[in-house]
Amino acid sequence: MEMLNDYGIVLALAGAVLAALIPGIASAKAVSMGGIAGAGVITEDPSQFGKVLILQLLPGTQGIYGLLIAFITLSQIGVLGGNGDISLVKGALYLAACLPIIIVGYTSAIRQANASVASIGVVAKRPDQFGKAMIFPAMVETYAILALLISMLAVNGVSGLNI
Amino acid sequence: MALLQMQRIYIYALKKDRKQILELLQRRGVVEVRSMLKEDKVFSKSDVSVAKQNLEKNISITCDSLSILNNYIKEDKSILSALAGRKELPVEEYDSFKEKYKPTVNMAKRIIELSKIIAENKAEVFRLQTQIEILTPWVNLDIPLNFKGTKFTRGFIGTLPKPWTLEEIYEKLAQYMPLDVDIISTTKEQTCIFVLCTNDKKDKVYEVLRGMEFTLPSLSIDQLPTADLSPAEQLELLVQQIDKTKSNIQAAIDEMESYDKNRNELKFLLDYDTMRLEKYEVIGSLIQSKNVFIISGFIAEKDFSAIEEELTSKFDLAVESAEPRKRDDIPVLYKNNGFSEPLEGTVNSFSPPAKGEMDPTMVMSLFYYALFGLMLSDAGYGFLIAVTCAFGLIKFRKTIEKPMKNTLKMYMFCGIATVFWGIIFSSYFGDIFDVVGKTFFGVTDLPVIPPVWFYPVEKPMLMLTFSMAIGIVHLLTGLAMKGYQLAKQKDYKGIIYDVIFWYVLLISGIVLLLSMKMVTDILGITVNISDVAVDVAGILFGASAVAIILTNGRESKQPFKRILKGLYALYGISGYLSDILSYSRLLALGLATGVIGSVINQMASMTAGGFFGPIIFTIIVILGHALNLGINALGAYVHTNRLQYVEFFGKFYEGGGKVFKPFGINTKYYKIKESTKYGNVK
């Protein structure tokens with residue numbers, strides 16, 4: 001058991017890396033979906049570039065949230081300089097703490113991209129309705145933010161546990 | 001927090017003054033023309049579709065010509081020119097444009113014609129070059145390509161695939177001597193040959209040649225008017241033709257460039273016809289008799305007397321105002337102070353207030369700036385935003401257009417709010433002062449600037465509580481707005497049932513929650529609530545819940561249905577719960593800005609050693625923070641809007657009105673400047 005404790009840092013690092021990896025992949029895909037739809041609009045009406053760009057970028061935030069959790073975790077577990085001595089349980093807890101943003105970040109980015117693409121369609125036909133079109137993807141993002149919140153609180157909380 | 005009072009306006013005037021009156025109204029831009037009167041035997045609308053079509057055609061020609069001109073000669077525009085706004089033009093210049101009108105239209109047409117000429121000539125050059133390519137292998141042939149033979153001989157001119165030598169060809173044709181074979185040219189792909197044989201053997205020779213996949217040169221050469229010339233001569237002619245066509249293109253381009261100096265006239269033509277088109281649209285909606293016409297529409301009450309005075313002093317006419325009728329779809333014109341005005345656009349993009357609704361802009365603006373600042377929450381970023389916008393506003397204060405001015409003002413206020421929250425939570429480009437101090441100056445007394453309140457990274461739960469507290473204030477304000485609106489509609493029952501009961505329910509609910517140890521433990525705060533207060537809150541909570549069940553379904557007459565509806569309304573409290581939780585994004589986005597900023601600083605500080613260290617450090621810091629600022633400002637903007645539209649407006653505001661669209665000058669490049677306040681309209 002004592003020996004297994006050497007592997008705590010591995011689990012913790014896995015959590016951090018996955019938090020950057022999985023939502024990052026999803027956001028890359030999501031932003032590209034928006035870009036493909038947006039490029040079509042721009043060929044017809046280049047003046048809509050600003051609005052379309054905002055809609056394209058909206059599902060890009062999940063990747064950043066993931067990065068954020070990854071960074072907080074990395075600094076807590078001592079990978080970015082410090083003491084990397086973490087028990088197996090604590091490592092597993094870090095991994096679990098990262099799960100909300102890993103999973104919700106992935107799915108919400110893709111779903112948000114669908115909403116973004118639809119909203120880009122709205123802007124193409126009715127540029128004056130941008131304000132409303134922007135809200136639809138933003139609604140999806142709520143859940144990514146909630147996941148971010150829980151992951152952030154959990155990572156912070158785990159670091160304070162004495163196990 | 002106000003909308004201007006609108007009223008109907010009627011202007012009865014003589015037709016001979018129509019042009020002047022309409023132009024005056026257009027320049028003042030205070031009347032929205034609507035047709036409110038019915039046609040009858042005397043008064044009818046006139047058909048302006050022909051005139052409108054002509055103007056629309058002119059507008060599209062001018063637009064095209066401007067974009068063509070821009071393709072050939074780029075207009076030098078600075079990035080800031082968007083801020084500079086439209087140029088001002090004195091009225092005299094507007095009036096004198098009539099003489100230039102025809103030539104300018106012709107110039108626009110000529111520009112389009114020139115672009116066609118250029119395109120056609122380019123196609124011609126391409127065609128000629130293809131012919132040259134076809135002819136080049138035949139350049140050594142000294143007879144025309146369409147040579148068929150003489151009285152006793154027959155000639156075959158054409159190509160064989162792949163290279164052939166003279167011997168190989170003679171070998172194939174040996175039995176049909178006498179004949180003469182010439183190889184004109186050979187390449188890897190083909191051999192160009194000329195075969196001359198006697199007339200009696202021509203069919204046999206042709207058959208053998210066909211067996212060798214002999215083909216005649218492509219037809220296009222044969223059909224040339226110069227087909228009787230030898231290939232060399234033809235080539236020379238073609239080269240001459242290309243030169244001529246190219247010089248045609250150059251001439252057209254030169255002519256196009258000569259129009260560069262007239263670009264402003266084209267722009268003005270576009271504006272001029274846009275204005276005229278708008279005028280004709282208005283004329284089409286007027287009702288007119290033989291000598292009289294009537295304008296009807298909406299005007300803000302405050303503008304009425306000025307326009308009435310001006311019109312009656314200049315023309316023989318009658319102006320009349322009337323209260324809007326009940327069924328009128330009254331347009332919305334906002335009146336807000338400079339602080340809230342920039343957000344009218346944000347309200348509009350949700351939906352302008354419907355009839356009987358209040359203008360939420362003023363109250364919204366207080367929260368808007370605060371929430372934006374809280375989400376971006378970095379004094380450095382806020383400072384950059386505010387200073388950039390202020391710079392734009394000051395530099396272009398004379399010419400800047402209203403929408404651009406409002407955008408800049410909005411971001412300036414957002415930036416100021418961001419600076420405020422940044423100082424409260426001590427975030428300056430992340431933790432740049434600490435990092436620079438530690439890395440380059442060996443400062444040990446960290447933090448350099450301590451927060452006024454606390455570090456959100458260190459006490460996230462406190463920040464979460466604070467975010468939700470702001471959410472509660474925001475939501476309760478929304479509910480209060482609903483009460484205010486109901487009071488304006490004199491629905492006093494509604495105030496008690498839909499607002500006061502809910503206030504009691506929500507506040508007593510919050511007191512009850514805060515009295516539970518579990519909740520305060522989670523939130524990490526200590527609240528001392530006396531037992532009496534808890535008891536009172538409990539009673540109030542129960543009573544208001546019952547009251548809501550009994551009253552909130554009051555539009556149903558049937559008692560059972562009424563209770564069910566009331567229960568469903570009480571279930572709306574779960575909506576409040578999710579609304580309040582939604583404000584946790586204030587924490588999440590605020591932390592995201594700060595933490596990513598610190599990451600950038602930390603990455604930069606890793607490179608700080610050595611001679612080039614500070615330079616690399618600066619580059620990483622600038623690029624990184626630019627990216628972080630961009631992404632997080634976008635996030636703050638989007639989510640501020642969301643909190644306003646969904647959580648705040650959801651409590652009291654529906655919208656559905658129409659924005660006031662006065663008959664005015666909606667031009668792209670110029671605005672007309674009056675030399676005196678009133679007048680100058682002849």
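This tour proceeds from the whole of chain B to single cysteines.

The model is predicted, so local features need pLDDT of at least 70 and side-chain atom pairs count only at pLDDT 80 or more, while totals for chains, interfaces and linings use all residues. Residues are numbered from 1 along each chain as its sequence is written, chains are lettered from A and ligands numbered from 1 in the order in which they are written, and side-chain values use heavy atoms, with hydrogens and water left out.

Select chain B first and display it as a cartoon. Chain B contains 23 helices and 13 strands; these are DSSP runs, with helices being H or I of at least four residues and strands E of at least two. The radius of gyration of chain B, taken over C-alpha atoms, is 41 Å, well over the 26 Å that the globule rule (2.2 Å times the number of residues to the power 0.38) gives for 682 residues, so chain B is more spread out than a compact globule. Along the principal axes, its C-alpha atoms fill a box of roughly 135 × 85 × 65 Å.

Next, colour chain B by accessibility. Of its 682 residues, 47% are buried, meaning under 20% relative accessible area with a 1.4 Å probe and protein chains only; exposed means over 50%, and partly exposed lies in between.

Finally, select the cysteines. Over all chains the structure holds zero disulfides, a disulfide being a pair of cysteine sulfur atoms within 2.5 Å. B:Cys414 is in no disulfide, and the nearest cysteine sulfur, that of B:Cys389, is 8.7 Å away. B:Cys414 is buried, with a relative accessible area of 0%. B:Cys63 is partly exposed, at 35%.
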